[in-house]
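The following exercises are meant to be worked through with the coordinates open beside the text. Please attempt each task before reading the solution beneath it.

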Amino acid sequence: MEDPQNSRPTLRERLMSLVQAKYAHRSPPAYPAPKRAEARTEASSRATTETEPPVLSDPGYDHPTVPGLGPDAYADEVLRMVDRPFCFSEKYGEQQGRADRLGAQPEILDFERALIKRAFKLGIPLFAHCVNRGSAEQNRLYRLRRSKARAGESPHNFGAAVDIVHGIKAWALTRRQWQIIGHLGKEIATQRGLAVVWGGDWEFYDPAHWELANWREIRARYSEDLGFDGR
Ligand SMILES: [Zn+2]
């Protein structure tokens, strides 16, 4: 017997059909492709090419200031996140396409792409683990206490947030390393005029998480269009 709950369109399906109609004219965003993946096996990773990310000892590289982290500590922590061969691997390429971005907010996609590209230039592999999140998954994370939000209460339910993690270490970065990622992200947001909030600044520490500051306004627009009250 079919569960009547499952035969109704889910929140996610309703949202996605709306946003698909709304953004049908837009072409999908491009993501950084793994350049020369076939030539970049681990054995051949020492070859220097123009696609090689810059090294940190490059005098042209300006060490940014992160509170509580001097330039040497900064460089050390960055180097612990660097894995250039991985940045050119097939797996890195696969990770870039993993998250569901269908109909997500263009500003969060722009932010995601810029942060991942910036990290790539440093040799740090990052990827978006999650952009859109459906209501069932949201409620599952809430029950597991991995999220404070139920369905309709998270910006991920409106394509207005992204969780960006390390390609190899995933969430297992140190506080200092997350601080650096946070710094890079804020710098990018400022440069691009994007009002983005970082979960690493919250008491409910969630340093992979970035969301549009105005996501509640976006939710209100969905609510008007869909008669959707957040559940
Ligand atoms: Zn998140």
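Two strands count as paired if DSSP finds at least two bridges between them. The model is a predicted one, and the exercises below should be read with that in mind.

**Exercise 1.** Determine the order of the strands in the open sheet, and find which strands stand at its edges.

*Solution.* Begin with β3 and β4 (residues 209-212), which pair in the antiparallel sense over three bridges, with W198 standing opposite W210 in β4. Next, follow β4 to its other partner: β2 and β4 are likewise antiparallel and joined over three bridges, and here V162 stands opposite W210. Then take β1 and β2, whose antiparallel pairing runs over four bridges, with A128 opposite I164 in β2. Put together, the four strands form an open sheet in the order β1-β2-β4-β3, with antiparallel pairing. The edges are held by β1 (126-130) and β3 (196-198), and because each has a single partner strand, one side of each is left without a neighbour in the sheet. From one strand to the next, the twist averages 30 degrees.

**Exercise 2.** Decide whether strand β2 is largely enclosed or left open, and trace the contacts of V162.

*Solution.* Taking a residue as buried when 20 or more other C-beta atoms lie within 10 Å of its own, one finds that six of the six residues of β2 (residues 161-166) are buried, so the strand is largely enclosed by the rest of the structure. Leaving aside residues up to four places away in sequence, V162 touches I108, E112, A128, V131 and W210. V162 and I164 also appear, with I108, F111, L115, A119 and L126, among the residues that have the most contacts inside the largest nonpolar core, which has 38 residues. Elements that each supply at least two residues of this core include β1, β2, β4, α3 and α8, while the largest share, seven residues, comes from α6.

**Exercise 3.** Classify the crossing of helices α3 and α8, and describe the residues that meet there.

*Solution.* First consider the axes of α3 (residues 71-81) and α8 (residues 175-192), which come within 10 Å and cross at roughly 95 degrees. Since angles of 65 to 115 degrees count as roughly perpendicular, α3 is roughly perpendicular to α8. Then list the contacts: Y74, E77, V78, R80 and M81 in α3 meet R176, Q177 and I180 in α8. Sorted by class, this contact has four nonpolar, one polar and three charged residues.

Terms used: Residues numbered from 1 in each chain as written. Predicted model: local features only at pLDDT ≥ 70, side-chain atom pairs only at ≥ 80, totals over all residues. Axes fitted to C-alpha atoms, helices over the stretch in contact; angles between N-to-C directions. Parallel < 35°, antiparallel > 145°, perpendicular 65-115°, else oblique. Contact = placed C-beta atoms within 7 Å. Nonpolar A, V, L, I, M, F, W, Y, C, P; charged D, E, K, R; others polar. Buried ≥ 20, exposed ≤ 12 C-beta atoms within 10 Å, placed from the backbone. Core = buried A, V, L, I, M, F, W, Y, C linked by C-beta atoms within 7 Å.
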